[in-house]
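User: I would like a close look at a single part of this chain, a loop and the backbone within it, and then an account of how the rest of the chain is built around it. Please take me through it in one connected answer.

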Amino acid sequence: MSWKGRLDHIHICAKGAEAMTELREAKLVAGQGIEGDRYFLGTGTYSDKPAPDRQVTLIESETLAALARDHNMELTPVESRRNLTVTGVPLNHLVGKRFRVGDVVLYGGRLNTPCKYLDDLLGKKLFKLLLNRSGLNCEIVEGGTIRPGDTVEPAE
């Protein structure tokens with residue numbers, strides 16, 4: 001599979017349900033998460049159910065554009081509550097695969113499952129609209145610093 005995408009946005013928050021903050025760069029720590037993020041700190045909504053693939057989450061900017069175009073539903077990158085927003089990256093095809101974001105290597109653990117929590121938090125009916133396109137939950141295999149504009153591409 002040949003493709004090359006781009007990292008557009010980085011978001012974290014220190015505690016579940018808090019507003020997400022956009023970063024100009026972030027340090028990803030292998031096996032732990034993004035420094036300062038709720039799952040790195042163990043304060044996320046699902047931190048009581050730890051899983052390696054909760055270290056970083058991604059969503060496609062194309063999904064956000066499709067929600068606006070096809071359903072007249074505005075969902076901004078910060079509202080998606082995913083850590084990384086990417087363009088040109090086939091997230092649904094990266095389950096079980098390694099890929100790079102800049103110098104960082106991620107492993108696609110599983111597709112993100114939409115939840116009613118996001119609907120309640122934002123007051124928007126997104127659950128059904130995000131089925132099979134809610135993003136990708138990943139494990140950090142090789143850490144490092146990432147910045148918007150970094151290339152996203154296969155690692156193998």
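Analyst: Ala17 lies in the loop that runs between β1 and β2, the latter covering residues 21-22. In this predicted model, the phi of Ala17 is near 75 degrees, which is a positive value in a residue other than glycine. With a relative accessibility of 43%, Ala17 counts as partly exposed, because that class lies between the 20% limit for buried and the 50% limit for exposed residues.

A positive phi also appears at Arg81, which is not a glycine and has a value of about 65 degrees. Arg81 belongs to the loop between α2 and β6, and its relative accessible area of 10% makes it buried, because the limit for that class is under 20%. Asn72, which follows α2, has a positive phi as well, near 50 degrees.

The helix that precedes Asn72 deserves a word of its own. Helix α2 spans residues 61-71, and Ser61, Thr63, Leu64, Ala66 and Leu67 are buried within it. An α-helix has 3.6 residues a turn, so residues three or four places apart point the same way. The buried residues of α2 pack against β1, β5 and β6, and β1 is the strand from which the loop of Ala17 leads to β2.

Strand β1 (5-12) also takes part in the largest nonpolar core, to which it supplies at least two residues, as do β3 (26-29), β5 (56-60), β6 (84-87), β7 (98-101), β8 (104-111) and β9 (136-142). This core has 23 residues, and those with the most contacts inside it are Phe99, Leu106 and Ile146. Leaving aside residues up to four places away in sequence, Ile146 touches Leu7, Ile10, Arg24, Glu25, Ala26, Leu28, Leu84, Val101 and Val104. A second core, separate from the one that holds Ile146, has nine residues, among them Ile59, Met73, Leu75 and Leu129. In soluble globular proteins, nonpolar side chains tend to be buried together.

Helix α1, residues 38-41, contains Phe40, which is partly exposed at a relative accessible area of 27%. Again not counting residues up to four places away in sequence, Phe40 touches Val29, Gln32, Gly33, Ile34 and Glu35. The C-alpha atoms of Phe40 and Val56 are 9.1 Å apart, although 16 residues separate the two in sequence.

Seen as a whole, the chain has three helices and eleven strands, and from the N terminus these elements follow the order β-β-β-β-α-β-α-β-β-β-α-β-β-β. Its radius of gyration is 14 Å, close to the 15 Å that the globule rule gives for 156 residues, so the chain is as compact as a globular protein of that length. The C-alpha trace spans about 35 × 35 × 25 Å along its principal axes. Of the contacts between residues at least 6 apart in sequence, 75% join residues at least 24 apart, and 44% of the 156 residues are buried. The surface that the chain exposes comes to about 7700 Å², with carbon and sulfur atoms supplying 49% of it. As for charge, the chain carries 21 positive and 21 negative charges, whose mean positions are 4 Å apart.

Key
Residues numbered from 1 in each chain as written. Predicted model: local features only at pLDDT ≥ 70, side-chain atom pairs only at ≥ 80, totals over all residues. Heavy atoms only, no water. Helix = DSSP H or I, 4+ residues; strand = E, 2+ residues; numbered from the N terminus. Rg over C-alpha atoms; globule rule 2.2 N^0.38 Å. Buried < 20%, exposed > 50% of the residue type's maximum accessible area, 1.4 Å probe, protein only. Contact = heavy atoms within 4.5 Å. Areas by Shrake-Rupley, 256 points an atom, 1.4 Å probe, with all protein chains shown as cover. Lys, Arg positive; Asp, Glu negative; His and termini not counted. Charge placed at Lys NZ, Arg CZ, Asp CG, Glu CD. Core = buried A, V, L, I, M, F, W, Y, C linked by side-chain atoms within 4.5 Å.
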